[in-house]
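User: I would like a close look at a single part of this model, followed outward into whatever surrounds it. Please keep to what the atoms support and give the cut-offs for the terms you use.

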Amino acid sequence: MSKKLEGKIALVTGGSRGIGAAIAKRLAADGAKVAITYSRGADAAAAIVKAIEGAGGKAIAIQADATAPKAVQAAVDKTVGALGKLDVLVNNAGTAIPKKFEETTLAELDQVINLNIRGVFIATQAALKQMNDNGRIISIGSCVGERMMTPGLVPYSATKAAIRMFTQGLSREVGDRGITVNNVQPGPIDTDLNPAAGDWAAPQKAATALNRYGKVEEVAALVAFVASPEASYITGANLTVDGGTNA
Ligand code: NDP
């Protein structure tokens with residue numbers, strides 16, 4: 001049976017855990033060769049590569065802090081060198097530091113902005129130079145980039161709102177190459193960053209229409225569709241997968 005991403009090469013930033021790991025596994029299951037980056041968790045990254053290869057796929061892991069332009073450029077070069085080319089970039093690496101805005105330090109603001117916005121900019125610039133026609137730029141925004149129901153995520157939601165306009169703007173520049181640019185906006189998804197059993201979980205769960213946290217695979221399924229040739233007419237779109245949080 002032919003797989004819908006057969007012959008494609010994908011790079012997933014922050015692919016060693018959580019949503020990024022699920023995306024890497026799903027793209028590989030659909031036939032793509034996948035490179036993942038990570039910042040600190042070499043063992044976790046190696047475990048994802050092993051899981052993908054154990055399922056018959058091809059993957060490599062690259063240490064590259066998504067806030068460091070030279071490391072990100074090197075990760076793109078290594079992906080192309082090892083796997084042949086680049087068709088799909090998934091800007092997944094991101095973080096939140098939940099606390100009241102007034103109490104957030106400058107260092108914490110810089111950390112969130114540098115990873116969630118600047119990191120997406122630099123990875124996308126590096127990737128576009130090497131990307132094939134009909135490629136895919138997919139960023140993981142958040143449903144809180146569109147609508148906010150809880151306190152404690154002010155800078156985070158602002159960075160994810162920035163990803164919305166980045167997506168819409170860039171779609172207008174690369175459409176002539178058939179490259180699509182889309183923003184996948186998850187709701188509460190059970191990961192190390194946002195555990196379904198954590199202190200912050202109850203109001204997030206209550207805000208969904210489905211009254212539950214989402215699973216990483218439920219985000220990966222949408223990313224895999226947007227990455228596929230079938231999604232060729234979807235671009236500049238902000239696609240929400242949030243259990244009805246923003247309904
Ligand atoms: P996790 O914290 O569970 O995983 C983050 C992943 O990114 C890890 O693989 C981590 O690797 C990597 N990473 C972290 N910092 C860097 C960095 N500086 N450079 C490279 N890699 C890095 O996060 P989630 O899976 O929950 O979130 C993934 C994305 O989804 C983020 O953009 C987040 O904002 C977004 N999102 C998450 C939601 C949720 O409810 N979970 C909801 C909406 C959006 P390492 O261990 O090596 O640092």
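Which backbone atom lies 2.7 Å from a polar atom of the side chain of Thr79, and what is the setting of that residue?

Analyst: The model is predicted, so local features are reported only at pLDDT of at least 70 and side-chain atom pairs only at pLDDT 80 or more, whereas totals for chains, interfaces and linings use all residues. Residues are numbered from 1 along each chain as its sequence is written, and side-chain values use heavy atoms, with hydrogens and water left out.

The atom in question is the backbone oxygen of Ala75, which lies 2.7 Å from a polar atom of the Thr79 side chain; a polar contact here is a pair of N or O atoms within 3.5 Å, and within protein one must be able to donate a hydrogen and the other to accept it, while residues adjacent in sequence count only if both atoms are side-chain atoms. Thr79 belongs to helix α3, where helices (H or I, at least four residues) and strands (E, at least two) are DSSP runs numbered from the N terminus. With a relative accessible area of 0%, Thr79 is buried; buried means under 20% and exposed over 50%, with partly exposed in between, for a 1.4 Å probe and protein chains only. Leaving aside residues up to four places away in sequence, Thr79 touches Ile9, Ala10, Leu11, Ala35, Ile60, Ile62, Gly84, Lys85 and Leu86, contact meaning heavy atoms within 4.5 Å.

The helix around Thr79 follows a plain pattern. α3 takes in residues 69–83, 15 in number, and reaches 21 Å from its first C-alpha to its last, close to the expected 21 Å, which is 1.5 Å times one less than the number of residues. Its buried residues are Val72, Ala75, Val76, Thr79, Val80 and Leu83. Because they cover an arc of only 130° around the axis, they sit on the same side of α3; the arc is that of the directions from the helix axis to the C-beta atoms. In general, an α-helix has 3.6 residues a turn, so residues three or four places apart point the same way. On the face turned away from that buried side, α3 carries the exposed residues Lys70 and Gly81. The buried residues pack against β1 (9–12), β2 (33–38), β3 (58–63), β4 (86–91) and α4 (106–130). Just after α3, Gly84 takes a positive phi of about 115°.

One of those partners, β4, contains Asp87, which is buried with a relative accessible area of 4%. A polar atom of the Asp87 side chain lies 2.8 Å from the backbone nitrogen of Ile9, and a second polar contact, of 2.9 Å, joins the side chains of Asp87 and Asn132. Beyond four places in sequence, the residues that Asp87 touches are Gly7, Lys8, Ile9, Met131, Asn132, Gly135 and Arg136.

β4 also appears among the partners of helix α7, whose buried residues pack against α1, β4, β5 (131–140), β6 (180–186) and β7. In α7 (residues 216–227), Val216, Val219, Ala220, Val223, Ala224, Val226 and Ala227 are buried, and because their arc around the axis is only 160°, they lie on the same side of α7. Ala237 lies in strand β7 (residues 237–241) and is buried, at a relative accessible area of 17%; past four places in sequence, Ala237 touches Thr167, Val181, Asn182 and Asn183.

Helix α1, another partner of α7, leads to the ligand. Its 12 residues reach 17 Å from first C-alpha to last, close to the 16 Å expected, and Ile19, Gly20, Ala21, Ala22, Ile23, Ala24, Leu27 and Ala28 are buried in it. A polar backbone atom of Ile19 is 2.8 Å from an oxygen atom of the ligand, a backbone N or O atom of Gly14 lies 3.3 Å from a ligand oxygen, and a polar side-chain atom of Tyr156 lies 2.7 Å from one. Taken alone the ligand exposes 900 Å², of which the protein buries 93%, by the Shrake-Rupley method with a 1.4 Å probe. The elements giving two or more residues to the shell around the ligand are α1 (18–29) and α5 (154–174). Of the 29 residues around the ligand, Ser16, Ser39, Arg40, Tyr156 and Thr191 come nearest, a residue being near if one of its heavy atoms lies within 4 Å.
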